[in-house]
Amino acid sequence: MSLSAWEQKLQIFTTVATNLGALLPISYTLRCCLPFETLCGVFTMMVSIMYHLCECLGILVLEMNDGQWHRLDNVGAILSWGSLCLHMCQLYHRRNLLDTFRWCFLFFTLWCQERGPWEIQFTLIPILCMFALFLIRLMFFSRDNMAWCHYQLIWGAIFLVPTCICFARGLDDDHDWIRLWHGLWHFFASLCMYFFISSVPVDHVCQYTRAPKKPTYTVVH
């Protein structure tokens, strides 16, 4: 789709600036001392910005074109949504198990995107696997180590609806003027993810993620 100069500037706003909404969920993961989830969020935001800058301006960034950045953007988006599902499993009291799931999910995501980066099923399959893991955790295992803020859960579910609609509409690049639907997907996805991720109270997560204070010793001479 050929764009005029002012439409190109609008597209930079709708596709690049809207990525800054990711700072909302990133701020939560920082407060909870979750380096893996924080780095996934930062990575996703940065590669999405690079992808859309290359796409809008027809330039290379770090010797990579928009298609190459797009593949990394897919990886980041999958990791972000999958990490959200894993976060809601609340396995922070089982760190080794949690880390195993994190790394297996990362490797599976990389395989899926190498196998079919432009095929929607290879985007959805790893996310659905992590969602299935969340359902299994919820239905078949003890919830003694789980805590929820139901107000945040409700708002997350509300924002999930426009997130899914905008994602589906934004898949048709040729009929998405200035990538407006795609930009709205960025906006609503950030809000949806923030409310879902913050549905697990910060204090509940921090009791497992923050390093305990080192005991002080009195030296007797």
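How many helices and how many strands are there in the protein chain? The protein chain of this predicted model holds nine helices and zero strands.

**Figure 1. The protein chain as a whole, in a predicted model.** Read along the sequence, the elements follow the pattern α-α-α-α-α-α-α-α-α. Along its principal axes, the C-alpha trace spans about 75 × 50 × 35 Å. The protein chain has 221 residues, of which 45% count as buried. Among the contacts with a separation of 6 or more, 74% are made by residues 24 or more positions apart.

**Figure 2. The two faces of helix 1, residues 5–15.** Which residues of helix 1 are buried? They are Glu7, Gln11, Thr14 and Thr15. Seen down the axis of helix 1, these buried residues fall within an arc of 80 degrees, and therefore they line one face of the helix. The cover over the buried residues of helix 1 includes helix 3 and helix 8. On the other side of helix 1, the exposed residues are Ala5, Trp6, Lys9 and Phe13.

**Figure 3. The largest nonpolar core, with 39 residues.** In soluble globular proteins, nonpolar side chains tend to be buried together. Within the largest nonpolar core of this model, Tyr28, Trp81, Leu84 and Val205 have the most contacts. At least two residues of this core come from each of helix 3 (35–57), helix 4 (66–89), helix 5, helix 6, helix 7 (150–170), helix 8 (180–197) and helix 9 (202–209). Which helix gives the most to this core? Helix 8 does, with ten residues.

**Figure 4. Tyr28 and its contacts, with the second core alongside for reference.** Tyr28 is one of the residues with the most contacts inside the largest nonpolar core. When neighbours within four places in sequence are left aside, Tyr28 is in contact with His87, Ile197, Ser198, Val200, Pro201, Val202 and Val205. A second core, separate from the largest one, has eleven residues, including Val47, Ile49, Cys54 and Trp69.

**Figure 5. The second largest pocket, with a volume of about 200 Å³.** The lining of this pocket is formed by 13 residues, and the closest to the centre of the pocket are Leu91, Arg94, Leu97, Arg137 and Phe141. Helix 5 (95–115) and helix 6 (121–140) each supply at least two residues of the lining. The largest share, three residues, comes from helix 6. How do the residues of the lining divide into nonpolar, polar and charged, and how many are of each kind? Six are nonpolar, three are polar and four are charged.

**Figure 6. Two residues with a positive phi, Gln90 and Ile178.** Most residues other than glycine have a negative phi, and most peptide bonds are trans. Gln90, which is not a glycine, has a positive phi near 55 degrees. Gln90 lies in the loop between helix 4 and helix 5. Is Gln90 buried or exposed? Gln90 counts as buried because its relative accessibility is 2%, and buried means under 20%. In Ile178, likewise not a glycine, phi is positive at about 45 degrees. Ile178 is placed in the loop between helix 7 and helix 8. With a relative accessibility of 4%, Ile178 also counts as buried.

**Figure 7. Met130 and Ile136, two residues of helix 6.** Met130 is found in helix 6 and counts as buried because its relative accessibility is 6%. Neighbours within four places in sequence being left aside, Met130 is in contact with Gly82, Cys85, Leu86 and Phe105. Met130 and Met193 are 63 residues apart along the chain, and their C-alpha atoms are separated by 15 Å. Ile136 also belongs to helix 6. Ile136 has a relative accessibility of 39%, so this residue counts as partly exposed: the partly exposed class lies between under 20% for buried and over 50% for exposed. The C-alpha atoms of Ile136 and Cys89 are separated by 9.1 Å, and these two residues are 47 residues apart along the chain.

Key: Residues numbered from 1 in each chain as written. Predicted model: local features only at pLDDT ≥ 70, side-chain atom pairs only at ≥ 80, totals over all residues. Heavy atoms only, no water. 1 Å grid on protein atoms, 1.4 Å probe; cavity = no way out; pocket = protein on both sides within 12 Å on 5 of 7 lines; lining within 4 Å. Points joined across faces, edges and corners; volume = space filled by probe spheres on them. Helix = DSSP H or I, 4+ residues; strand = E, 2+ residues; numbered from the N terminus. Nonpolar A, V, L, I, M, F, W, Y, C, P; charged D, E, K, R; others polar. Core = buried A, V, L, I, M, F, W, Y, C linked by side-chain atoms within 4.5 Å. Buried < 20%, exposed > 50% of the residue type's maximum accessible area, 1.4 Å probe, protein only. Contact = heavy atoms within 4.5 Å. Arc of directions from axis to C-beta.
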